[in-house]
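Visitor: Hello! Could you walk me through this structure, one question at a time?

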Amino acid sequence: MQAFRPLGAELRSDFPVLDQQVRGKPLIYLDNAATTQKPRRVIDALSRFYERDNSNVHRGLHELSNRATAQYEEARERVARYIGAPSAETIIFTRGTTEGINLVANSWGARNIGPGDGILLTEMEHHSNIVPWQLLAERTGARIDWVPVIGDEGLPDAAALKEKLERRPKIFAFVHVSNSLGVVNPAAEWCAMARAHGVATLVDGAQSAGHMPVDVREIGCDFFVFSGHKTCGPTGIGALYGRAEMLEAMPPWQGGGEMISRVGFDRTAFKAPPHRFEAGTPDIAGAIGLGVALDYVHDLGRDRIFEHDAGLASDAAERLTGIPGMRLLGPKRGRAGLVSFALEGVHAHDVVSLANEEGIALRGGHHCTQPLMRKLGLASTARASFYIYNTPAEVERLVEAVAKIQKFFQR
Amino acid sequence: MNLSELYQEIILDHARRPLNRGELENATVTVPAENPSCGDELTLQLRVADGRIEDVRFTGQGCAICMASASMMTRAIKGKPSAEAGALFQQVHDGVQGRGEMPKGEISALGGVREFPQRVKCALLAWEALREALGLRKSSGGVVTTEEG
């Protein structure tokens, strides 16, 4: 019996890609932490833009350019509303989470990080929230410190976090929901602690923005980044929220058209945020598609989405535990909508290949969290990540398939 | 489950009980190899004398395809002239990518990865290490050659 209320399976018909067979079986798409599928209305919004309104933004005086600009800037407002940002001026369009973090590391980092300064991360970070900081540390002589995670549950070490914040690093950058463990970090609590010590905060919302209510003012972070494509939107578009005072004090990080107010042969004056950080022609159609996607997700109700995804994942975790040799990662309580596991004697790649034969799309590998995997003594895990269109029946098929795979290798 | 092509019994046997696994004493060449897409790591060690592979061993872990491939490879090249091992590398390299016939014998079972392009790297990890160990291409770093022994 489910202890949660799943979303209605009728919304599956909003997603054209789901209606297909893989290896002669109905597709069961459980790789949503990598990217989610797109509803028809997002796909339509992209073609509609290119068919009727395609034009460049902000510089044309003609009808199509006016339309494109209006839709692009309206999308910015939708993003602001979606994450509770105070104004559209605090939203910068990026290519995704990775670019958002690189923007902060390069622009804010250039102005605020020097030799010996601390950058605090957690051990459960995705490579995208590790490598930009390592590059910055190499350039500036800053040092990176890590909040440890404890055991297979992967919960952060709260005492160590407190102690490390007391050492006053310049910034604390952390993942809101871990993509390889399913841990949900207490973002508001952490940001309040950081603020009390004068530490800036960046929240990596790649796995939270599409799955749970997010309000950047409630969280109280300085920066929040997420990707459109993990939130029903197109690939190649995402957003960075920055607190207005932070953005205003930050230098440009890429130069080009669109971000200047006046260019001379000897010097150039830059626009105010957000346009200061958007050099060149942006992904206009992508931004418009993202706005449509966020409205779609918002209308479903993000509380309900979290209940649905987390409910499916908890069900899956509970049933998978019964399979011999099963090692489940992630918290026993409060798990987000994904399950990462290692099966004794069976490599994750073999699990994924065999699941594919059942029409099930899983991810197998290190999930771009190699330092964490090494700490857990694992080269890789298999991961099932759930979203709004997955069903309890699909969880059953997953568990049956994994049980079958385990037998296949033990025979 | 229709995986007879990929997971033939011979592959599973080798994967469960790989041959020539462990450290090789008096190795003349040691090559670490890594599949960055999955993090699998493997280290191949050879003892080569007078143009002949006297002994070979490997350490590391990987998926069934990767382990079986390493196991079969060590069996096939042990005691063989380096030139022969090099030719076998080329044949397997082309064969698993559908650009030629697989060698006869148990190694032919690796040909199943043709149907699974994402798994070609798994099947080739040990063989790429062999290529480097035999000096068939310029080292891209990570090669340690010890001349004694």
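Visitor: What is the order of the 7 strands that form an open sheet in chain A?
Guide: Happy to help, and please keep in mind that this is a predicted model. The sheet is open and its pairing is mixed. Its edge strands, β4 (91-94) and β6 (143-147) of chain A, each pair on one side only, and the twist averages 20 degrees from one strand to the next. Reading across chain A, the order is β4-β12-β11-β10-β9-β5-β6.

Visitor: Which residue of β10(A) does Val175(A) stand opposite?
Guide: Start with the two strands: β9 covers residues 171-175 of chain A, and β10 covers residues 200-204 of chain A. They pair in the parallel sense over 5 bridges. Opposite Val175(A), you will find Asp204(A).

Visitor: Helix α5 of chain A packs on the sheet, so to speak; what angle does its direction make with that of β6(A)?
Guide: Helix α5 spans residues 158-166 of chain A and touches β5 (118-122), β6 and β9 of chain A. Its direction and that of β6(A) make an angle of about 155 degrees.

Visitor: Which strands are the edge strands of the open sheet of 4 strands in chain A?
Guide: Here the order is β15-β16-β19-β18 in chain A, with antiparallel pairing. An edge strand in this sheet pairs on one side only. That description fits β15 (326-329) and β18 (363-365) of chain A.

Visitor: Which residue in β19(A) stands opposite Phe341(A)?
Guide: Look at β16 (residues 338-343) and β19 (residues 381-385) of chain A, which run antiparallel and are joined by 4 bridges. Helix α10 (residues 302-320) of chain A lies across both of them and β15 of chain A. Opposite Phe341(A) in β19(A) is Ala382(A).

Visitor: Which residues touch the most other members of the largest nonpolar core?
Guide: This core has 124 residues, and its largest share, 10 residues, comes from helix α9 (residues 284-300) of chain A. At least three residues come from each of domain 1 (9-30 + 301-410) and domain 2 (43-299) of chain A. The members that touch the most others are Phe224(A) and Val351(A).

Visitor: What does Phe224(A) touch, not counting residues up to four places away in sequence?
Guide: Setting aside those sequence neighbours leaves contacts from other parts of the list of residues. They are Ile83(A), Val203(A), Gly205(A), Val216(A), Ile219(A) and Tyr241(A).

Definitions and conventions
Residues are numbered from 1 along each chain as its sequence is written. Chains are lettered from A and ligands numbered from 1 in the order in which they are written. This is a predicted model: local features need pLDDT of at least 70, side-chain atom pairs count only at pLDDT 80 or more; totals for chains, interfaces and linings use all residues. A nonpolar core is a set of buried Ala, Val, Leu, Ile, Met, Phe, Trp, Tyr and Cys residues joined through C-beta atoms within 7 Å. A residue is buried if 20 or more other C-beta atoms lie within 10 Å of its own, exposed if 12 or fewer, and partly exposed in between; C-beta atoms are placed from the backbone. Domain bounds come from an automatic or database domain assignment. Two residues are in contact if their C-beta atoms, placed from the backbone, lie within 7 Å. Two strands pair if DSSP finds at least two bridges between them. Axes are lines fitted to C-alpha atoms, for helices over the stretch in contact, and angles run from 0 to 180 degrees between N-to-C directions.
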